[in-house]
Amino acid sequence: MNHLFLHCRAGFEKECAAEISDIAAGLGIYGYSKTKDNSAYVLFITHEPDGAENIIRMSGFRQLIFTRQWFACAGLIDNLPVTDRVTPLCEAAAALPKTSELIIETVDTNEGKELSGLSKKIVAPLEKALRAQQSFFAKSPLRLHLVFISGTQAYIGVSPIANSSQWPMGIARLRLPKEAPSRATLKLEEAWHHFIPADEWDIRLASGMRAVDLGAAPGGWTWQLVQRGMYVEAVDNGPMEKSLLETGQVLHILTDGFLYEPKKPVHWLVCDIVDKPARVTSMIIRWFTKKHCREAIFNLKLPMKQRYVEVKKCEERIRAELEKAGFKLDIQFKQLYHDREEVTGYLRVY
Ligand SMILES: C[S@@+](CC[C@H](N)C(=O)[O-])C[C@H]1O[C@@H](n2cnc3c(N)ncnc32)[C@H](O)[C@@H]1O
């Protein structure tokens, strides 16, 4: 397969394309991207016939910042007859490796949403037909993806379950808890799902841990930390939700988050201050150099232009300065579903 289909946030197609071109070139796989502004997807077409599978096989999904979900496919299936879309889709699937599950996705745009009725309607007949032609194999590590681009056009392809997003279209469907003080609470929850494996939550998001939340008001992120049983220093000149302060787990500190330093080291630093990426980056480097925390989740608000370049610049600075100081680190960035003009960073040192 020589087409790599990449879901991204609408408006970030150029960043998604620049990133995949860089990664592919690093692997010695060459190709070109096809993008359309605000389409919420990118196609990277490789010169080698099996280049798309090779990119997926040789690189980790987790390193991608602007791609929400990916799969390898053979190209656009056009002219699907509206009276029988199942037959040509099954024919295309027969040429693919066997998979253990099917997910039907749409692109994340208004036009994409209009196709969700069609997508839902086709699930049962398509699954039945795929089963009949033995396209499924229960132990296959692969997943089958189908994306309708219009009523008569679709892409069908495969991704490794272990090297792709666990969520269809890479969109984390999280329920907004009624008691949470702000919608922003979902950003931290999604970040945990993305950056921290589920079987490590009890150790790394453990009850009794201490955390600092910079730019905490009104308290959506602090609420998540409190739910995990942590003690939180919530730094913001703005007001915090009263019920959080009543838990006895939250100390509200009215000061500038860029100047604040904890008296004793904490496990977690989280920061949701909207400011220049370079300023947040300097603060993160200082916290880790001074060993104020072990792990951090922070937002980088992206500039209007050069957004991919800006994130890479911040990543390189953090990497260079902390490695120079003798740390081994795990650093990742992701534009999460709940991020708009920003990306979320994750950093841990050993
Ligand atoms: C996006 S909101 C944070 C929302 C919060 N994470 C939540 O879940 O409810 C950004 C916050 O950063 C605060 N802020 C901006 N600059 C700051 C600074 N220099 N120090 C501390 N807080 C700051 C603002 O007062 C605002 O409350």
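A residue is counted as near a molecule when one of its heavy atoms lies within 4 Å of it. With that in mind, good morning, and let me introduce this structure, which is a predicted model.

I begin with the ligand. Its surroundings comprise 16 residues, and the closest are Ser 182, Gly 220, Asp 236, Gly 257 and Asp 272. Which atoms of Ser 182 and Gly 220 approach the oxygen atoms of the ligand? For Ser 182, an N or O atom in the side chain is 2.7 Å from an oxygen atom of the ligand. For Gly 220, a backbone N or O atom lies 2.8 Å from a ligand oxygen atom. Trp 221 also contributes a backbone N or O atom, at 3.0 Å from an oxygen atom of the ligand. Taken alone, the ligand exposes 600 Å², and 74% of that is buried by the protein.

I turn next to the sheet. It is an open sheet of 7 strands, in the order E2-E3-E1-E4-E7-E6-E5, with mixed pairing. At its edges are strand E2, residues 31-35, and strand E5, residues 101-106, each of which pairs on one side only. On average, neighbouring strands of this sheet are turned by 30 degrees against each other, direction ignored.

Within the sheet, strand E1, residues 3-7, pairs with strand E4, residues 69-73, in the antiparallel sense, over 5 bridges. Leu 6 stands opposite Trp 70 in E4.

Two helices lie across strands of the sheet. Helix H2, residues 51-58, lies across E1, E3, E4 and E7, and runs at about 140 degrees to E4. Helix H5, residues 116-132, lies across E5 and E6, at about 160 degrees to E5.

Between H2 and E4 there is a loop, and Thr 67 lies in it. Is Thr 67 buried or exposed? The cut-off for buried is under 20% relative accessible area. Thr 67 has a relative accessible area of 0%, and is therefore buried. Beyond its neighbours within four places in sequence, Thr 67 is in contact with Leu 6, His 7, Cys 16, Glu 19, Phe 61 and Lys 334. Leu 6 is thus named twice: as a contact of Thr 67, and as the residue opposite Trp 70.

Finally, I come to strand E8, residues 210-214. Why is E8 described as largely enclosed by the rest of the structure? The reason is that 4 of its 5 residues are buried. E8 runs parallel to strand E9, residues 231-235, and 5 bridges join the two. In this pair, Ala 211 stands opposite Val 232 in E9.

Thank you for your attention.

Conventions
Residues numbered from 1 in each chain as written. Predicted model: local features only at pLDDT ≥ 70, side-chain atom pairs only at ≥ 80, totals over all residues. Heavy atoms only, no water. Pairing = 2+ DSSP bridges. Axes fitted to C-alpha atoms, helices over the stretch in contact; angles between N-to-C directions. Contact = heavy atoms within 4.5 Å. Buried < 20%, exposed > 50% of the residue type's maximum accessible area, 1.4 Å probe, protein only. Polar contact = N/O pair within 3.5 Å; in protein donor to acceptor, adjacent residues only side chain to side chain. Areas by Shrake-Rupley, 256 points an atom, 1.4 Å probe, with all protein chains shown as cover.
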